[in-house]
Amino acid sequence: MIPRTLIDIDIANLPRVETDVAVIGSGIAGLYTALKAADAGMRVMMIAKKSLLESNTRYAQGGIAAVISDEDSPLYHRQDTLIAGAGLCSSEAVDVLVHEGPNGVQELVRFGTQFDREEDGEYALTMEGAHSQRRILHAQGDATGAEIVRALAEKTRRNEWIEVWDDHFCIDLVTDEGECVGVIVQRPGGELVLVTAKATVLCTGGAGQLYRYTTNPELATGDGIAMAFRAGAYVQDVEFVQFHPTALTYPGAPRFLISEAVRGEGAVLRNIRGERFMDQYHPQLELAPRDVVARAIVSEIDKTKSTFVYLDLTHESQETVKARFPTIYEFCLRYGLDLSSDWIPVAPAAHYMMGGVKTDLHGETSVRRLFACGEVSSTGVHGANRLASNSLSEAIVFGRRIVERIRDLPPLDREPEFHVELGRTEPVMQPVIEKRLKLQKLMLRYAGLVRNEKGLKKGLEELRRQSPVFYAKLSGREQYEFANLLTVGLLTMLAALRREESRGAHYREDFPERDDIVWKKHIVHHRDFGLAEESLQHG
């Protein structure tokens, strides 16, 4: 069993810092929530594992989905989201997203985000996979996430209500009488401090580092999901891991994301024989849902005994490509690839976790005073497969709702107590870098794009052999991160083994069909109650 904490601790022995709201994480979810809380007159402590400018959001290229155009409507956006979610979305959560998203975008603009515009001053909107309308706003061509983070981070740094701790690591949540009362934080020098708060908001992003190949930065180690699970929150739908179909696959280059917007602007996929192939897999061709495109690519890779397929945008002029995709163009050029004249080698890579810490429609978890926002959360918006560019929208919509709920919370009126002593004395023996690489390879092999019972059981067995790390004397960020990755890896494998069907991003070759009679339900984890199936309340 996974223990309550990663370290032995008695908070009576720790120095303490008090605030109104503790925000853990510095992507769009954390920055936006912190700014909204500050606007509401609350003191905010923002705790960043690295810095305000380093998060998954920074690498988001495609854009943010919202109904802006007169030709579009929330009804269309709702329908597209529900179809992509493969029957597991919460219709209530989707309604919240599509109706409140446009106002959230306007607030981003008020906070200083500069989205691209047409010559007539209207927002430049693009198309992405599984969208029926052009509704994707973007910034600096393909640097949308970086522009949003820039604007929000600048405003955060200037806000006197927000204190920012860079290079601090949150180890464990502190609970008392069933409520979250704060978090234990390791400072850059190794000292521990307790941050107490009326509300704690997890904005820690996803867990792409579970896999050997990912578009996520090294920070994406599932910390928030693991912390919340240990604290007694419900975690749901973590078997649904989205693999982005097109990550650069080239010797010496990292798995760099090639935005879906490139296909939205007309790029086609070709196998190594130069043949287009998506017409064999889906009527929407290259703009089919991501899970379909990713598995089609893997199928072609297997058929042609290759390690990649090609992405072809050579029908566009160099000027157009450089203007629309400057970040991608310049990155590829570093490795001798010209996006406007070369076919770009690509393959799928782990990109986004649809599941996470289960929340209600105001971002609150099953642990009182603990909230989750962004990729770490499971609001019900994404179902079994996230619609492209809905993630940034979700973060701002639910960030605002979280602050609304926090405003109504009474202050903490007691001195909390929290003590965990497991007698940890043995250090971690094997170098963590070796253990992490082994875990990533196991997850890719047994819980990747294509899964089956035999592989998942083998993967679980291998992961469980690593479980003694939970009872070792851990020290330092790398060791904590590995324990968090192992936690989320175990939850993902268990859920994938339980779900005996194929749906959205979860594909079982031994159960290749979607089964709405038996499996139109969530798989939910709880530290004390184990694994359970929960019927879909709002389909």
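Is aspartate 167 buried, partly exposed or exposed? In this predicted model, aspartate 167 counts as partly exposed, because its relative accessibility is 45%, a value that falls between the 20% and 50% limits. The residue is found in the loop between strand 7 (162–165) and strand 8. Its phi is positive, about 60°, although aspartate 167 is not a glycine.

Leucine 285 also has a positive phi, about 50°, and is not a glycine. The loop that holds leucine 285 runs between strand 13 (268–270) and helix 7. Leucine 285 counts as partly exposed, at 29% relative accessibility.

## Salt bridges

A search of the whole structure finds 49 salt bridges. Three of them are set out below.

| Acidic residue | Basic residue | N to O distance | Separation in sequence |
|---|---|---|---|
| aspartate 72 | arginine 135 | 2.8 Å | 63 residues |
| aspartate 172 | arginine 230 | 2.8 Å | 58 residues |
| glutamate 177 | arginine 414 | 3.8 Å | 237 residues |

Aspartate 72 forms a salt bridge with arginine 135. The pair links distant parts of the chain, with aspartate 72 in the loop between strand 4 (64–65) and helix 2 (74–84) and arginine 135 in the loop between strand 5 and strand 6 (136–137). Aspartate 72 counts as buried because its relative accessibility is 8%, and arginine 135 is buried at 0%.

In the second pair, the side chains of aspartate 172 and arginine 230 meet in a salt bridge. Aspartate 172 lies in strand 8 (residues 169–176) and arginine 230 in helix 5 (residues 223–230), so the bridge ties together parts that are 58 residues apart in sequence. Aspartate 172 is buried, at 0% relative accessibility. Arginine 230 is buried too, with a value of 0%.

The third pair joins arginine 414 and glutamate 177. Here arginine 414 sits in the loop between helix 10 (390–407) and strand 19 (419–420), while glutamate 177 sits in the loop between strand 8 and strand 9 (179–186). Arginine 414 counts as partly exposed, at 24% relative accessibility, whereas glutamate 177 counts as exposed, at 59%. Salt bridges that share partners join these two residues with Asp176, Glu179, Arg368 and Arg369 into one network.

## Surface patches

Which residues gather in a patch of negative charge on the surface? They are Asp70, Glu71, Glu118, Glu119, Asp120 and Glu122. One of them, glutamate 118, is placed in the loop between helix 3 (91–110) and strand 5 (125–126). Glutamate 118 has a relative accessible area of 44% and is therefore partly exposed.

A nonpolar surface patch of about 340 Å² is made by Met1, Leu422 and Tyr471. Methionine 1 belongs to the segment before strand 1 (9–10). Because its relative accessibility is 66%, methionine 1 counts as exposed.

## Two loop threonines

Where is threonine 307 placed? Its position is in the loop between helix 7 (290–304) and strand 14 (309–312). Threonine 307 counts as exposed, with a relative accessibility of 57%. Leaving aside neighbours within four places in sequence, threonine 307 is in contact with Thr249, Ile301 and Ala347. Alanine 347 is 40 residues away along the chain, and its C-alpha atom is separated from that of threonine 307 by 7.4 Å.

Threonine 359 is placed in the loop between strand 16 (356–358) and strand 17 (370–372). Why does threonine 359 count as buried? Its relative accessibility is 10%, and buried means under 20%. Not counting residues up to four places away in sequence, threonine 359 touches Glu364, Thr365, Ala372, Ser377, Ser378 and Thr379. Ala372 is thus a contact of threonine 359, and strand 17 covers residues 370–372.

Key:
Residues numbered from 1 in each chain as written. Predicted model: local features only at pLDDT ≥ 70, side-chain atom pairs only at ≥ 80, totals over all residues. Heavy atoms only, no water. Helix = DSSP H or I, 4+ residues; strand = E, 2+ residues; numbered from the N terminus. Buried < 20%, exposed > 50% of the residue type's maximum accessible area, 1.4 Å probe, protein only. Contact = heavy atoms within 4.5 Å. Patch = residues over 30% accessible without salt bridge, like charges linked within 9 Å, V, L, I, M, F, W, Y side chains within 5 Å. Areas by Shrake-Rupley, 256 points an atom, 1.4 Å probe, with all protein chains shown as cover. Salt bridge = Lys/Arg side-chain N within 4 Å of Asp/Glu carboxyl O. Lys, Arg positive; Asp, Glu negative; His and termini not counted. Charge placed at Lys NZ, Arg CZ, Asp CG, Glu CD.
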